[in-house]
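User: I'd like to learn how to read a structure like this one. Could you walk me through it feature by feature?

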Amino acid sequence: MLPPLSQSQGSGFADEFAIVPERDQDTDVIDALMDASFGQERHNLTVYKLRDGYPPVRQLGFIAMDQQGKARASIRYWPIQVEGSSLRYLLLGPLAVDPTIRGGGLGKALVSRSLDRAVELGFDACLLVGEPSYYGSFGFTNATALGFKLPGWVELRRFLVRELQSNALAKPESRGLINPVKTRTK
Ligand SMILES: CC(C)(COP(=O)(O)OP(=O)(O)OC[C@H]1O[C@@H](n2cnc3c(N)ncnc32)[C@H](O)[C@@H]1OP(=O)(O)O)[C@@H](O)C(=O)NCCC(=O)NCCS
């Protein structure tokens, strides 16, 4: 029997899936899930300038695993930096749930679990491009209004940010142009 999702995650799949750290063996399944959810053209999006060729934050990769041990939903994060700031920032995503099991709470369970871990790991703030109505319940608000910029086009209403540590974004120098944080790996 898999460990159940905690009640606070509100999953309709509490007995069928477990939220666990991503494993090396999940890579191909996750790639297929992202292709099915977003298509190959996702790599043209501005956020992929911050992902492609850079390693994700390993401790923040989580999956929803079914009873056969297969990854059926995934969330990953990339480290990013803001020009002129020494704070530790994250880019949330991609997040995707197998189309056959959407709407049962797995997406929210993955966001909730991984954000809790990001706070524990000491990251200061998290940015993303996604639906405000979905991420608003996790405390995300408009990032452009606070002075953040992505290195390319983005639908401004979908560009969101949330502090992970109290008052992390209080100072104006904590907001600005976002860049990748690591040396390229390929
Ligand atoms: C978006 C996604 C991750 C949500 O995961 P999920 O497990 O299906 O959804 P959850 O059970 O966690 O949440 C369901 C709630 O989210 C809402 N929701 C689902 N997709 C949404 C979307 N694209 N925009 C806004 N709200 C959405 C539902 O209406 C529902 O609202 P309710 O709780 O008020 O009834 C999933 O539908 C998915 O993989 N979609 C395709 C990929 C994608 O769009 N990823 C997000 C990119 S930012």
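Analyst: Let's go through the ligand shell, the core, a helix and some backbone oddities. Keep in mind that this is a predicted model.

User: Which residues come nearest to the ligand?

Analyst: There are 16 residues around the ligand, and those that come nearest are Arg102, Gly107, Lys108, Gly130 and Glu131. By class, the shell holds five nonpolar, eight polar and three charged residues.

User: Which element gives the most to that shell?

Analyst: That's strand 4, with four residues. Helix 2 (106-120) and helix 3 (132-135) are also among the elements that supply at least two residues each.

User: What about the core?

Analyst: The general idea is that in soluble globular proteins, nonpolar side chains tend to be buried together. Here the largest nonpolar core has 47 residues, and Ala64, Leu90, Leu91, Leu110, Cys126 and Leu127 touch the most other members. Strands 2, 3, 4, 5 and 7, along with helix 2, each supply at least two residues of this core.

User: Which residues does leucine 91 touch, not counting residues up to four places away in sequence?

Analyst: Leucine 91 touches Val47, Leu50, Tyr77, Trp78, Ile80, Leu127 and Leu128.

User: How do I check a helix?

Analyst: Compare its expected span with the distance between its ends. The twelve residues of helix 1 should span 16 Å at 1.5 Å a residue, and the end C-alpha atoms are 16 Å apart, so the two agree. Just after helix 1, glycine 39 takes a positive phi of about 80°.

User: And the backbone oddities?

Analyst: Start with what to expect: most residues other than glycine have a negative phi, and most peptide bonds are trans. In this model, a cis peptide bond joins glycine 93 and proline 94, with omega about 5°. Proline 94 lies in strand 4. Then there's asparagine 167, which isn't a glycine but has a positive phi of about 60°.

User: Where is asparagine 167 found, and is it buried or exposed?

Analyst: Asparagine 167 is in the loop between strand 7 (159-163) and strand 8 (178-180). It counts as exposed because just 9 other C-beta atoms lie within 10 Å, and the cut-off for exposed is 12 or fewer.

User: Is histidine 43 buried or exposed?

Analyst: Histidine 43 is exposed, because it has 12 other C-beta atoms within 10 Å. Its place is in the loop between helix 1 (27-38) and strand 2 (62-65). Leaving aside neighbours within four places in sequence, histidine 43 is in contact with Tyr48 and Asp52.

Methods:
Residues numbered from 1 in each chain as written. Predicted model: local features only at pLDDT ≥ 70, side-chain atom pairs only at ≥ 80, totals over all residues. Near = placed C-beta within 6 Å. Nonpolar A, V, L, I, M, F, W, Y, C, P; charged D, E, K, R; others polar. Buried ≥ 20, exposed ≤ 12 C-beta atoms within 10 Å, placed from the backbone. Contact = placed C-beta atoms within 7 Å. Expected span 1.5 Å × (residues − 1). Core = buried A, V, L, I, M, F, W, Y, C linked by C-beta atoms within 7 Å.
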